[in-house]
Amino acid sequence: MTQLTPHIWCNRTAEEAADLYSRSFRQVREIARSHYPTEDLPDFQKSFAGQVVSLELEVHGCPVGFINADDTFRPNPAAGFMVHISTAHVDDPTAYIDEIHDQLIDGGTALMPLGEYPFSPRYAWIEDRLGVSWQLFVSPDDAPPRPFLVPALLFSGQAQNRCAEAVVTYTSLFPGAEAGAVATYPEPTGPARAGDVMFSEMRLGPEGDDPTREPWVTAMDSGVEQPFTFTEWFSLMVRVRDQEEIDRLWDVLSTVPEKEACGWCCDEYGVSWQIVPEDIDAIMEIPGAHQRMLQMKKLDIAALRGE
């Protein structure tokens with residue numbers, strides 16, 4: 001199974017974000033936490049010495065990571081999360097969506113207010129007080145089971161109308177991956193052309209025994225002109241087995257050389273990826289690993305370990 005973890009870039013608010021989402025959802029546990037070294041940090045990181053550098057939570061079985069950094073990148077609705085709530089997850093989906101909504105809307109903004117829509121009996125699209133975008137969605141009873149938390153990509157700005165192309169690229173990269181449901185615009189809608197993607201989903205890995213834990217991603221072309229597009233504030237981390245897999249994914253996903261840093265790369269659509277070894281958390285505990293990583297673009301596992 002592909003280990004795919006969406007990550008949020010936080011402006012010194014990783015612990016605050018983890019606390020907010022731990023209070024917003026019923027089933028949350030912390031699965032990883034790492035800290036900046038206390039010495040030998042570059043000047044731009046010295047104020048973070050000893051602080052948390054990353055946190056990872058599991059929300060109803062779905063991983064989500066938080067990077068504790070500065071204000072270089074700020075959230076926008078080009079990326080976020082779709083929350084699928086169904087009887088596969090809880091006994092009371094409608095009550096639960098209201099519960100989540102009331103937590104996340106506090107200090108936030110409604111992009112589409114909570115209510116009934118043609119595609120869902122209960123739906124809302126909101127930005128929470130940290131700027132993170134959430135689409136809350138009660139799945140119809142006859143809908144195929146999906147993970148509770150699914151990364152959602154909105155192709156707009158420079159990526160407008162490239163969603164279908166991206167789905168083909170991404171599903172070609174991961175063994176066992178496949179596209180799921182797709183709906184297209186029947187007529188031109190804002191910047192979207194007839195036939196562009198109004199909604200799509202893809203599984204970036206093989207089918208598993210439990211579909212609610214598979215690596216699904218949703219994607220669509222915006223039907224409204226937007227002043228934003230993808231940035232590094234939202235990234236998809238892929239944990240892989242070995243250096244060969246890092247090299248293979250990097251060769252396709254890294255298309256912007258100036259954005260290569262510390263295992264991060266940017267693809268041709270503007271989506272950011274972190275391509276890392278599956279035991280990255282343990283590796284980063286090795287003395288000197290943090291400093292060695294800062295010198296790298298694509299990660300070299302052996303060099304990162306100090307071998």
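I will walk you through the sheets, the helices and a few contacts of this structure, which is a predicted model.

Let me begin with the sheet of eight strands, which is open and runs in the order β6-β7-β8-β5-β9-β12-β11-β10, with mixed pairing. At its edges stand β6, residues 109–117, and β10, residues 178–184, and because each of these has a single partner strand, one side of each is left without a neighbour in the sheet. On average, and ignoring direction, neighbouring strands here are turned by 20° against each other. As one example of pairing, you can look at β5, residues 79–85, and β8, residues 133–138, which pair in the parallel sense over six bridges, with M82 standing opposite Q135 in β8. Packed on this sheet is helix α3, residues 163–173, which touches β9, β10, β11 and β12, and whose direction makes about 5° with that of β11.

Now to the other sheet, which is also open, with seven strands in the order β2-β3-β4-β1-β13-β15-β14 and mixed pairing. Which strands stand at its edges? They are β2, residues 28–35, and β14, residues 264–266, each having a single partner strand, so that one side of each is left without a neighbour in the sheet. The twist in this sheet averages 30° from one strand to the next. Within it, β3, residues 52–59, and β4, residues 62–69, run antiparallel and are joined by six bridges, and E56 stands opposite G65 in β4. Helix α4, residues 243–253, packs on this sheet and touches β13, β14 and β15, its direction making about 170° with that of β15.

The two helices I have just mentioned also meet each other. The axes of α3 and α4 come within 11 Å and cross at roughly 170°, which makes α3 roughly antiparallel to α4. From α3 the contact takes in T169, Y170 and L173, and from α4 it takes in R248, L249, V252 and L253. By character, the residues of this contact divide into five nonpolar, one polar and one charged.

There is another helix pair to show you, formed by α1, residues 14–24, and α2, residues 93–104, whose axes come within 9 Å and cross at roughly 150°. These two helices are therefore roughly antiparallel to each other, and their crossing is right-handed. Here L20, Y21, R23 and S24 in α1 meet Y96, I100, Q103 and L104 in α2, and the residues of this contact divide into five nonpolar, two polar and one charged.

R23 deserves a second look. Side chains of opposite charge can pair when their charged atoms come close. R23 forms a salt bridge with D19, with the closest N and O atoms 3.1 Å apart. Because D19 and R23 are four residues apart in helix α1, about one helical turn separates them. In total, the structure holds 22 salt bridges.

Finally, let me turn to a loop. T229 is found between β12 and β13, and, leaving aside residues up to four places away in sequence, T229 touches N76, A78, S156, G157, Q158 and A159. How far apart in space are T229 and G270, which are 41 residues apart in sequence? From C-alpha to C-alpha, T229 and G270 are 7.7 Å apart.

Technical notes: Residues are numbered from 1 along each chain as its sequence is written. This is a predicted model: local features need pLDDT of at least 70, side-chain atom pairs count only at pLDDT 80 or more; totals for chains, interfaces and linings use all residues. Side-chain values use heavy atoms; hydrogens and water are left out. Axes are lines fitted to C-alpha atoms, for helices over the stretch in contact, and angles run from 0 to 180 degrees between N-to-C directions. Angles under 35 degrees count as roughly parallel, over 145 as roughly antiparallel, 65 to 115 as roughly perpendicular and the rest as oblique. A crossing is left-handed if the near helix is turned anticlockwise from the far one by less than a right angle, and right-handed if clockwise. Contact means heavy atoms within 4.5 Å. Ala, Val, Leu, Ile, Met, Phe, Trp, Tyr, Cys and Pro count as nonpolar, Asp, Glu, Lys and Arg as charged, and the others, Gly among them, as polar. Two strands pair if DSSP finds at least two bridges between them. A salt bridge is a side-chain nitrogen of Lys or Arg within 4 Å of a carboxyl oxygen of Asp or Glu.
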